[in-house]
Amino acid sequence: KRQVLQYTAPVMIMIYLAIRNRKMPNCTELTALFLAFAGTVLLATHGNLTELSISKITLVLGLLSAVATVFYNLLPGELMNEYGTFEIVGWAMLVSGILLLPVVRPWTIQGIIWDWQTVLCVGVVIIIGTVLSFGCYMEGVRLIGGTKASLFASIEPLTATVISILFMGGAFSWICLALWGSSEQLQSCHYRKRRHKERIFI
């Protein structure tokens, strides 16, 4: 649920860009954002707006994650255009990893057997699950902008939720899934139509 709350970030991004650019979002973007936000509110309240169905710490951490998502969607745009996406992502991960070493102190964790399987799994998580996935996402941010990219990225908690329901017996509101899914499809269809028109014009 914390991860789902993180994806209220598109609402924050759209509000910020609308104020900065002094331009209102189009109707499709507003509708998609409303559906995504409605799904998040339904998740947090289960339909009762006077009471949260999640803990306060979960709500706070989820919203802080959303604020962090806003920053990493908007701040590195000019740097990525000048130096390249993967170069910026690589340096950011390297510097942040070094800075976090004294805080996390991974060498103090007990009970880990560093055999070849552990090393392989860690390598897959780092290279495929972190560097490649995040680098590709940031390249999408550079190409289509933070608002659209963050909306498309909202498919992550959607798929995680479906998997948890189907394979792990998780409980969830199918209305939330319908709202998020509609938001994703609406935004995706709008983007494909616009790209088609651009190709015809060219």
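# Close-up views of an all-helix model

**Figure 1. The buried side of helix 2.** Ala9, Pro10, Ile13, Met14, Leu17 and Ala18 are the buried residues of helix 2. Looking down the helix axis, these buried residues fit within an arc of 160°, so they line one face of the helix. The model shown here and in the views that follow is a predicted one. Helix 2 runs over residues 9–21, 13 residues in total, and its first and last C-alpha atoms lie 18 Å apart, close to the 18 Å expected at 1.5 Å a residue. Just after helix 2 comes Arg22, with a positive phi near 55°. For readers tracing the spacing of the buried positions, a reminder may help: an α-helix has 3.6 residues a turn, so residues three or four places apart point the same way.

**Figure 2. Val11, a partly exposed residue of helix 2.** This close-up stays with helix 2, where Val11 is found. Val11 has a relative accessible area of 21%, and because buried means under 20%, Val11 counts as partly exposed. Beyond its neighbours within four places in sequence, Val11 is in contact with Leu33 and Phe37. Leu30 is also worth finding here: its C-alpha atom is separated from that of Val11 by 9.0 Å, with the two positions 19 residues apart along the chain.

**Figure 3. The two sides of helix 4.** Here we move to helix 4, which covers residues 56–74. Its buried residues are Gly62, Ser65, Ala66, Thr69, Val70 and Asn73. Around the axis they take up an arc of only 150°, which puts them on the same side of helix 4. Turned away from that buried side is a face with the exposed residues Lys56, Ile57 and Leu64. The length of helix 4 agrees with expectation too: 19 residues at 1.5 Å a residue should span 27 Å, and the end C-alpha atoms are 27 Å apart.

**Figure 4. Asn73 and its polar partner.** Is Asn73, in helix 4, buried or exposed? With a relative accessibility of 3%, Asn73 counts as buried. Its side chain makes a polar contact of 2.6 Å with the side chain of Tyr137. Setting aside residues up to four places away in sequence, Asn73 touches Ile13, Tyr137, Val141, Gly146 and Ser150. One of these, Ile13, is among the buried residues of helix 2 shown in Figure 1.

**Figure 5. The largest nonpolar core.** Which residues make up the largest nonpolar core? There are 8 of them: Met80, Ile88, Val89, Tyr137, Met138, Val141, Ala149 and Ala153. Two or more residues each come from helix 6, helix 7 (116–144) and helix 8 (146–153). Helix 7 is the biggest contributor, giving 3 residues to this core. Apart from this core lies another one, with 5 residues, including Ala9, Ile13, Leu17 and Ala66. Within the largest core, Val141 is a handy residue to centre on: leaving out residues up to four places away in sequence, Val141 touches Asn73, Met80, Gly146 and Ala149. As general background, nonpolar side chains in soluble globular proteins tend to be buried together.

**Figure 6. Thr85 and Arg142 in contact.** Thr85 belongs to helix 6, residues 85–104. It is buried, with a relative accessible area of 4%. Not counting residues up to four places away in sequence, Thr85 touches Met80, Gly135, Met138, Glu139 and Arg142. Arg142, for its part, sits in helix 7. This arginine is partly exposed, at a relative accessible area of 32%. Beyond four places in sequence, Arg142 is in contact with Met80, Asn81 and Thr85. Met80 therefore appears in both contact lists, for Thr85 and for Arg142. Gly84 can be located from Arg142 as well: the two are 58 residues apart in sequence, with their C-alpha atoms 9.5 Å apart in space.

**Figure 7. Stepping back to the whole chain.** After the close-ups, an overview helps to place them. The protein chain has 10 helices and 0 strands. Of its 202 residues, 31% are buried. Among contacts between residues at least 6 apart in sequence, 75% join residues at least 24 apart. The chain exposes about 13,300 Å², and carbon and sulfur atoms supply 70% of that area.

Definitions and conventions:
Residues numbered from 1 in each chain as written. Predicted model: local features only at pLDDT ≥ 70, side-chain atom pairs only at ≥ 80, totals over all residues. Heavy atoms only, no water. Helix = DSSP H or I, 4+ residues; strand = E, 2+ residues; numbered from the N terminus. Buried < 20%, exposed > 50% of the residue type's maximum accessible area, 1.4 Å probe, protein only. Contact = heavy atoms within 4.5 Å. Polar contact = N/O pair within 3.5 Å; in protein donor to acceptor, adjacent residues only side chain to side chain. Core = buried A, V, L, I, M, F, W, Y, C linked by side-chain atoms within 4.5 Å. Areas by Shrake-Rupley, 256 points an atom, 1.4 Å probe, with all protein chains shown as cover. Expected span 1.5 Å × (residues − 1). Arc of directions from axis to C-beta.
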